[in-house]
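Let's take a walk through this protein together, beginning with a single helix and working outwards. Keep the view open and turn it as you read.

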Amino acid sequence: MKLIKLIGCLLIIAGLAAAQSPLQFFAHADVVKPSMNADYFKFLKNVKETYQRQGVTLNYNVLRQDDNTFYFFSPMQDLNIGAVYKGFGEIENKVGKEAFAKLLAEKERCIESHSEFVTMLLPQYTYLAPGESENFCHIVFWFPMPGKQAEVDQIAKEWIELYKAKNAPRGYQTYRIVFGGEPGYIIVNWAKDELDYATKSKKNNEVMGEEASRLWARTMAITQRLYSKNGWYLRELSYTYQPVAAK
């Protein structure tokens, strides 16, 4: 039970920082009780400040979804989940057992449930990159039919080619769920805010035209399930280890 609770502990389960631009991410999702939102934000702030004080060496990004799910993404090396588990003890030792347990209890009273999964960025199916001020995101969860991988790869290739050929104004990143969740893909679009996203989407539709409509119809023909959410990156509550400079 102790290991299960440790695995369920949000940022405390965050993985080690990757030495190069990461392609794999360990993700933790907390479904927060609406009545506990204020306490949960205090908890996030407390965790970050605790890690900063103790010099905890990890990185994570925080994303809040519009259904009150909070995601925490930490870079991994070579899908090495074992390294993530090993990090539990290292973080607990740095923070202290008592403080670590207090953080865990603080989180647990705020949430309805939690889950973990591993995702992999697919750069070959990724177009552009978000700017520093583009914290709004529209997230599409795509679950193709079983046995359609060849069609999935071909359609994903055609989408990226179409975006590039049309010089589309709206970028996207494609991730594949590789462990701990339903097999499928996560497509993330971004913008400065909801209005900016709507504006970019309108321009996207105009430049892509009927070619996009035909490709969308083919995409739907191999789709088992599809849904989308809006979200916001919480940069002020995300954490990147910064070594203290020698004086």
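Start at helix α2, where Asn37, Tyr40, Phe43, Leu44, Val47, Lys48, Thr50 and Tyr51 are buried (buried means under 20% relative accessible area, exposed over 50% and partly exposed in between, with a 1.4 Å probe and protein chains only). Viewed down the axis of α2, these buried residues fall within an arc of 160°, so they line one face of the helix; the arc is that of the directions from the helix axis to the C-beta atoms. On the other side of α2, Ala38, Lys42 and Arg53 are exposed. The helix has 18 residues, and from its first C-alpha to its last it reaches 26 Å, close to the 26 Å expected at 1.5 Å a residue (the expected span is 1.5 Å times one less than the number of residues). Just after α2 comes Gly55, with a positive phi near 65°.

A word on what you are looking at. This is a predicted model, in which local features need pLDDT of at least 70 and side-chain atom pairs count only at pLDDT 80 or more, while totals for chains, interfaces and linings use all residues. Residues are numbered from 1 along each chain as its sequence is written, and side-chain values use heavy atoms, with hydrogens and water left out.

The protein chain has an average pLDDT of 87, and 88% of the residues score at least 70; pLDDT is the predictor's confidence in each residue, from 0 to 100. Over residues 1-21 the pLDDT is below 50, although this stretch has 63 contacts in the model beyond near neighbours in sequence (a contact means heavy atoms within 4.5 Å). In the protein chain, 84% of the contacts with a separation of 6 or more are between residues 24 or more positions apart. Of the 247 residues in the protein chain, 47% are buried. The chain holds six helices and nine strands; these are DSSP runs numbered from the N terminus, with helices (H or I) of at least four residues and strands (E) of at least two.

Where do the inward-facing residues of α2 belong? Tyr40 and Tyr51 are the residues with the most contacts inside the largest nonpolar core, which has 22 residues. Such a core is a set of buried Ala, Val, Leu, Ile, Met, Phe, Trp, Tyr and Cys residues joined through side-chain atoms within 4.5 Å. At least two residues of this core come from each of α2 (37-54), β2 (59-65), β3 (69-76), α3 (81-95) and α4 (97-108), and α2 gives the most, with five residues. Apart from this core lies another, of 21 residues, among them Tyr127, Val152, Ala156 and Met208.

Now compare helix α4, one of the contributors to the largest core. Its buried residues are Phe100, Leu103, Leu104, Glu106 and Lys107. Seen down the axis of α4, they fall within an arc of 160°, so they line one face of the helix. The face turned away from that buried side carries the exposed residues Lys97, Glu98 and Lys102.

Strand β2 is the next stop, and five of its seven residues are buried. Four bridges join β2 to β3, which run antiparallel (two strands pair if DSSP finds at least two bridges between them), and Asn61 has Phe73 in β3 as its bridge partner. These two strands form a hairpin with three residues between them, and Asn68 in the turn has a positive phi of about 70°. Strand β2 also pairs with β8 (residues 223-233) in the antiparallel sense, over three bridges. Here Leu63 stands opposite Tyr233, and Gln65 stands opposite Gly231. With β9 (residues 239-240), β2 pairs in the antiparallel sense over two bridges, and Asn59 has Thr240 as its partner.

From β8 you can continue to β5 (residues 136-144), since nine bridges join these antiparallel strands; Phe136 has Trp232 in β8 as its bridge partner.

Finally, look at β4 (residues 111-121). Nine bridges join it to β1 (residues 24-32), and the two run antiparallel, with Ala27 partnered by Phe117 in β4. Four bridges join β4 to β6 (residues 172-179), also antiparallel, and there Val118 stands opposite Phe179.
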